[in-house]
Structures are given as C-alpha cells and as structure tokens.
Amino acid sequence: MNCIAAMDSSLSKNTLAFIALAHEYCTLLENAKELDSRNFIISITKLLPRIYISATDINNDLRSGYIEPYLDEDYYNIIRDSVSMLLGADDTYLEVFEDDMKYSDTPICASISESLADIFQELYNLLSNVKDAPNEAINDYVAACKENFENYWGQTLCNVMRPLNTILYVTNLNNI
C-alpha cells in the first residue's frame with residue numbers, strides 16, 4: 001500500500017482505488033495457502049465485485065498502453081494450484097457462458113482456481129508495470145488493463161462469481 005500512497009495526486013481516485021484493489025487481490029491469492037477455504041471464499045466473494053465496480057469506474061478517455069507480462073508460468077501454476085487445493089472438489093463447475101456450449105452435447109467444465117489465476121495474471125502484470133512508473137504511464141497501464149477487462153477478464157470475473165456464490169450460500173460453508 002505504501003507504493004500507492006507515494007503516487008502523485010494527479011492520478012484519479014478511481015485509478016488509485018483500482019490499483020489498491022488489484023494489490024489486495026494479488027495479496028489474497030498469494031496468501032491463499034495460509035487460509036482455510038471458508039475464509040478464502042468469504043474474502044474473494046467480497047473482493048471480486050469491488051474489483052468489477054472499480055474497473056468499470058475507470059475513465060474511458062485514458063490512452064491505452066501495453067502491459068509488459070511479468071508473471072511467469074511457474075508462479076501462475078503455484079497460485080492456481082494453491083487455490084485448487086484449498087477448494088478441493090468445489091474447484092470445478094459447469095460453465096454456461098462458454099461460446100462452444102451452444103454446439104456441445106456435453107457440459108463444459110471450468111475451474112475456479114484457473115479463473116482466479118487468470119485474473120491474478122492480469123492484475124499482477126499491472127502492478128508490476130505501475131510499481132516504478134511515472135503517472136502518465138500508470139494511466140496508460142490502467143487503461144490497458146481496463147481494455148483487457150472489457151474484452152476478456154471481466155467476463156471471467158462474472159463467471160467465477162456464480163460458483164463462488166453457490167459455495168458460499170448454497171453449500172454448507174461451515175462443513176468446508
């Protein structure tokens with residue numbers, strides 16, 4: 001959070017809020033293996049809608065930049081695997097918003113852990129790029145992240161909320 005406080009006040013409150021939520025999300029996933037599944041599910045279901053709202057509040061007039069990828073495959077797999085182990089059998093769900101679903105006779109399975117790791121990848125790369133960047137570049141990185149949100153990971157975020165909501169409110173969360 002210190003890096004966020006040190007950023008110039010010329011950045012919008014929406015941009016700063018989005019970066020702060022990205023940091024909170026990445027920290028939660030990086031520490032998932034230290035949590036029990038109940039607390040993780042409660043935390044992630046509170047955080048994802050806030051990220052969605054924050055991403056939609058980002059100014060569309062910002063110039064989009066390029067986000068340099070920082071997350072390597074090994075770290076991605078560590079994050080995905082730690083969430084998968086935490087969720088166990090609850091990690092898999094039927095995906096109904098897959099384009100191929102309309103042509104399929106069989107259900108298409110998806111993974112909460114992979115969806116959360118995909119979002120982590122976007123936000124981790126954003127944070128890695130803005131860490132030491134000047135404000136103009138930060139705005140460009142955030143605009144690029146919002147563009148990716150609109151085209152890809154925003155739908156992933158919405159899709160993963162459904163099974164998390166089911167685990168939280170339909171499944172007996174006290175037995176997890």
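**View 1. Asn60 lies in the loop that joins α3 (37-56) to α4 (73-87).** The model shown is predicted, so that local features need pLDDT of at least 70 and side-chain atom pairs count only at pLDDT 80 or more, whereas totals for chains, interfaces and linings use all residues. Residues are numbered from 1 along each chain as its sequence is written, and side-chain values use heavy atoms, with hydrogens and water left out. With a relative accessibility of 56%, Asn60 counts as exposed, where exposed means over 50% relative accessible area, buried means under 20% and partly exposed lies in between (1.4 Å probe, protein chains only). When residues up to four places away in sequence are not counted, Asn60 touches Lys146 and Glu150, a contact being heavy atoms within 4.5 Å. Asn60 and Lys146 stand 86 residues apart along the chain, and their C-alpha atoms are separated by 8.4 Å.

**View 2. Lys146, a contact partner of Asn60, belongs to helix α6.** Unlike the exposed Asn60, Lys146 counts as buried, because its relative accessibility is 7%. Residues up to four places away in sequence aside, Lys146 touches Ala55, Thr56 and Ile58 as well as Asn60. Helices here (H or I, at least four residues) and strands (E, at least two) are DSSP runs, numbered from the N terminus.

**View 3. Helices α3 and α6 pack with their axes 10 Å apart, at an angle of about 150 degrees.** That angle makes α3 roughly antiparallel to α6; angles over 145 degrees are given this name, those under 35 count as roughly parallel, 65 to 115 as roughly perpendicular and the rest as oblique. The axes are lines fitted to C-alpha atoms, for helices over the stretch in contact, and the angles run from 0 to 180 degrees between N-to-C directions. The crossing of this pair is left-handed, meaning that the near helix is turned anticlockwise from the far one by less than a right angle, while a clockwise turn would be right-handed. On the α3 side, the residues that meet α6 include Ile41, Ile44, Leu48, Tyr52, Ala55 and Thr56. On the α6 side, the residues that meet α3 include Lys146, Phe149, Trp153, Leu157, Met161, Leu164 and Leu168.

**View 4. Helix α5 (residues 112-130) crosses helix α6 (residues 135-169) at roughly 160 degrees, and their axes come within 9 Å.** The two helices are therefore roughly antiparallel to each other, and α5 passes α6 in a left-handed crossing. Cys145, which lies in α6, counts as buried because its relative accessibility is 0%. Neighbours within four places in sequence aside, Cys145 is in contact with Phe18, Ile67, Glu122, Leu123, Leu126 and Trp153. Cys145 is also 8.3 Å from Ser64, C-alpha to C-alpha, although the two are 81 residues apart in sequence.

**View 5. Pro163 is placed in helix α6, and Ser113 is found in helix α5.** Pro163 is buried, its relative accessible area being 7%, and Ser113, at 2% relative accessibility, counts as buried too. Apart from neighbours within four places in sequence, Pro163 is in contact with Tyr93 and Ile112, whereas Ser113, with the equivalent neighbours set aside, is in contact with Arg80, Val83, Ser84 and Asp91. Pro163 and Asp90 are 73 residues apart in sequence, yet 8.4 Å apart in space, C-alpha to C-alpha.

**View 6. Helix α2 covers residues 13-30, and its end C-alpha atoms are 26 Å apart.** This distance agrees with the 26 Å that 18 residues should span at 1.5 Å a residue, the expected span being 1.5 Å times one less than the number of residues. Among the buried residues of α2 are Thr15, Phe18, Ile19, Leu21, Ala22, Tyr25, Cys26, Leu28 and Leu29.

**View 7. The protein as a whole has six helices and two strands.** Along the sequence these elements follow the pattern α-α-α-α-β-β-α-α, and buried residues make up 45% of the 176 residues. Of the contacts with a separation of 6 or more, 75% are accounted for by residues 24 or more positions apart. The protein exposes about 9,600 Å², of which carbon and sulfur atoms supply 48%; accessible areas come from the Shrake-Rupley method with a 1.4 Å probe, and for residues only the protein chains shown count as cover.
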